[in-house]
Amino acid sequence: MKRVLAVASECVPLVKTGGLADVTGALPRAMAGTGWGVRTLIPGYRPVLAQAAKATEALSLGAFFGGPARILVLRHAGLDLLVLDAPHLFDRDGSPYLDAQGNDWADNDLRFAALCAAAARIAGGALDDWVPQVLHLHDWQAGLVPEYLAAQGTSLPVVMTIHNIAFHGLTTDDRIAALGLDPARFLPDGYEYYGHVSALKAGLVGADRITTVSPTYARELTTPEFGMGLDGMIRARQHLLTGILNGIDTDTWNPRKDPHIRRFQTPRGKAPNRKGLRAEFGLPDAPGPLAVVVSRLTAQKGLDLLLDAMPAFTGAGGQLALLGSGDRTLENAWLEAARDSDAVAVRIGYDETLAHRMFAGADAVLVPSRFEPCGLTQLYALRYGAVPVVARTGGLADTVIHANDAALRMGVATGMVHAPDDAAALAAALVDLCHLHASPEIWAHIQANGMRHPVGWEASSAQYGALYDALVS
Ligand code: ADP
Ligand code: GLC
């Protein structure tokens, strides 16, 4: 097996706040088929340390970023994990990034700098029996790795994957010494970003190849509209950039085997799940489509636009069940929408098994994002025979085939695609959805197309394999 070290801040099944964890948890297994063995370095958060009985110490790092630290080797759920056990940084209650009050941990810069420095040590050969040939960095939390590699004189090919360019991992320049960075590289060509330290930029500047999680987002990243201030430097590195679509874990997300649902093989088998879902959310039986949203509640996801579009949808006979958490204002606005309408039901929170029941019971899954690097819930929708209704942006545009007349006639439609960032376009799509739903034959056809659509990792893991191969040849 060829050897790649992935570096990430979350990984299913141990710690997840979003799609990044799904990807870092599923991709390693898919890579095995390409001849690449992946080990993934993650922080030793509390739920990770709960597995420590199964782990062995591979390396002591001594005093490391303010406290004792070591690297553990842990085999868990089919994954080869390396865990940065640094209790002073990671052994806390709360989310990977936020404290119990919902604020960023004040030492986030230090926490993920330590992760990067540990990765560099491993890349430099600190583990006797395993030295990677390629480094694969995920998002800003892994972005400082090239800086520490350069500082210790290690040269190894680096792939940097952008899952979401909205998060730069910024900190102030008075932290350069504490983070152990080379002050001479605090430059526009280095890790400096408008007077701040940017971990994401460090990763992009230092990478030999940049990938993002869909071809359309790769193009969008080069534009001021989507590049979030980094589009210029990405344009300058466009020859290094490719978009490789995410897949989903088709074992975990398999309607035939899913232990959380009433299992089914064909769209017809969704009926008992739909009934259960309506009951669970207190929605009345109704002939119209039951749509669901499972999402972080942030501006990215466009769920404020959906609030505006709801009267049109419910007026046309649609119902909505929403599961999400995040922005307090949005949470409250959705709770209020549920109070005002019998056709809207809302759960604020994060609930992985409820999410399975929602995809199983849903007629449609709504993803009206303003931008979406890839998006995974529209892929779960396809797999579970729910019709995705998505904004034409990023990976949403790359994964759903709009049910226009031509696509319906050709028999290829899998869902509905509408103009992004436009509540009126979303409302119109939702009314169209109700009309389509009223034609059982056409509806069943779209569902069947979706369930056949390939959503696994086969094609994309081969693309990552080819990328790694090119870097070591
Ligand atoms: P992002 O990573 O931007 O949040 P993705 O669509 O890539 O978007 O991934 C989101 C992942 O998180 C999916 O697996 C989705 O099912 C899950 N998810 C989001 N919000 C919730 C929630 N409130 N409860 C359960 N799962 C959620
Ligand atoms: C990010 C993006 C999402 C993508 C996920 C996994 O969180 O917002 O679109 O699917 O990463 O790559």
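**Exercise 1. Determine which element gives the most to the shell around ligand 1, and describe that shell.**

Step 1. Strand 13 gives the most to the shell around ligand 1, contributing three residues. Strands (E, at least two residues) and helices (H or I, at least four) are DSSP runs numbered from the N terminus. The structure is a predicted model, in which local features need pLDDT of at least 70 and side-chain atom pairs count only at pLDDT 80 or more, while totals for chains, interfaces and linings use all residues. Residues are numbered from 1 along each chain as its sequence is written, chains are lettered from A and ligands numbered from 1 in the order in which they are written, and side-chain values use heavy atoms, with hydrogens and water left out.

Step 2. At least two residues of this shell come from each of helix 1 (19-31), strand 13 (290-297), strand 14 (319-326) and helix 13 (377-383).

Step 3. Around ligand 1 there are 19 residues, of which Lys 16, Gly 19, Arg 296, Lys 301 and Gly 349 come nearest; a residue is near a molecule if one of its heavy atoms lies within 4 Å of it.

Step 4. By class, the shell around ligand 1 holds five nonpolar, eight polar and six charged residues. Here Ala, Val, Leu, Ile, Met, Phe, Trp, Tyr, Cys and Pro count as nonpolar, Asp, Glu, Lys and Arg as charged, and the others, Gly among them, as polar.

**Exercise 2. Identify polar contacts of ligand 1 and state what share of its area the protein buries.**

Step 1. A polar contact is a pair of N or O atoms within 3.5 Å; within protein, one must be able to donate a hydrogen and the other to accept it, and residues adjacent in sequence count only if both atoms are side-chain atoms.

Step 2. The side chain of Arg 296 places an N or O atom 2.7 Å from an oxygen atom of ligand 1. A nitrogen atom of ligand 1 is 2.8 Å from a backbone N or O atom of Gly 349. At Leu 376, a polar backbone atom is 2.9 Å from an oxygen atom of ligand 1.

Step 3. Ligand 1 taken alone exposes 560 Å², and the protein buries 92% of that; accessible areas come from the Shrake-Rupley method with a 1.4 Å probe, and for residues only the protein chains shown count as cover.

**Exercise 3. Locate ligand 1 with respect to the two domains.**

Step 1. The chain is divided into domain 1 (2-247 + 457-472) and domain 2 (267-452), with bounds from an automatic or database domain assignment.

Step 2. Taken over C-alpha atoms, the centres of domain 1 and domain 2 are separated by 32 Å. In domain 1, 19 residues are in contact with 17 residues of domain 2, contact meaning heavy atoms within 4.5 Å.

Step 3. Ligand 1 lies between the domains, because both domain 1 and domain 2 give residues to its shell.

**Exercise 4. Describe the surroundings of ligand 2.**

Step 1. Of the 13 residues around ligand 2, those that come nearest are His 163, Asn 246, Glu 372, Cys 374 and Gly 375. Helix 1 gives the most to this shell, with three residues, and each of domain 1 and domain 2 supplies at least three.

Step 2. Oxygen atoms of ligand 2 lie 2.8 Å from a side-chain N or O atom of Asn 246, 3.1 Å from a polar side-chain atom of Gln 300 and 3.0 Å from a backbone N or O atom of Cys 374. Alone, ligand 2 exposes 310 Å², of which the protein buries 93%.

Step 3. The shell around ligand 2 comprises five nonpolar, six polar and two charged residues.

**Exercise 5. Classify Thr 212 and Thr 222 as buried or exposed, and find the backbone partner of each side chain.**

Step 1. Buried means under 20% relative accessible area, exposed over 50%, and partly exposed in between (1.4 Å probe, protein chains only).

Step 2. Thr 212, in strand 11 (residues 209-212), has 0% relative accessibility and therefore counts as buried. A polar atom of the Thr 212 side chain is 2.7 Å from the backbone oxygen of Ile 162.

Step 3. Thr 222 is in the loop between helix 7 (215-220) and helix 8 (231-236). Thr 222 counts as buried because its relative accessibility is 12%. The side chain of Thr 222 reaches the backbone oxygen of Arg 219 at 2.6 Å.
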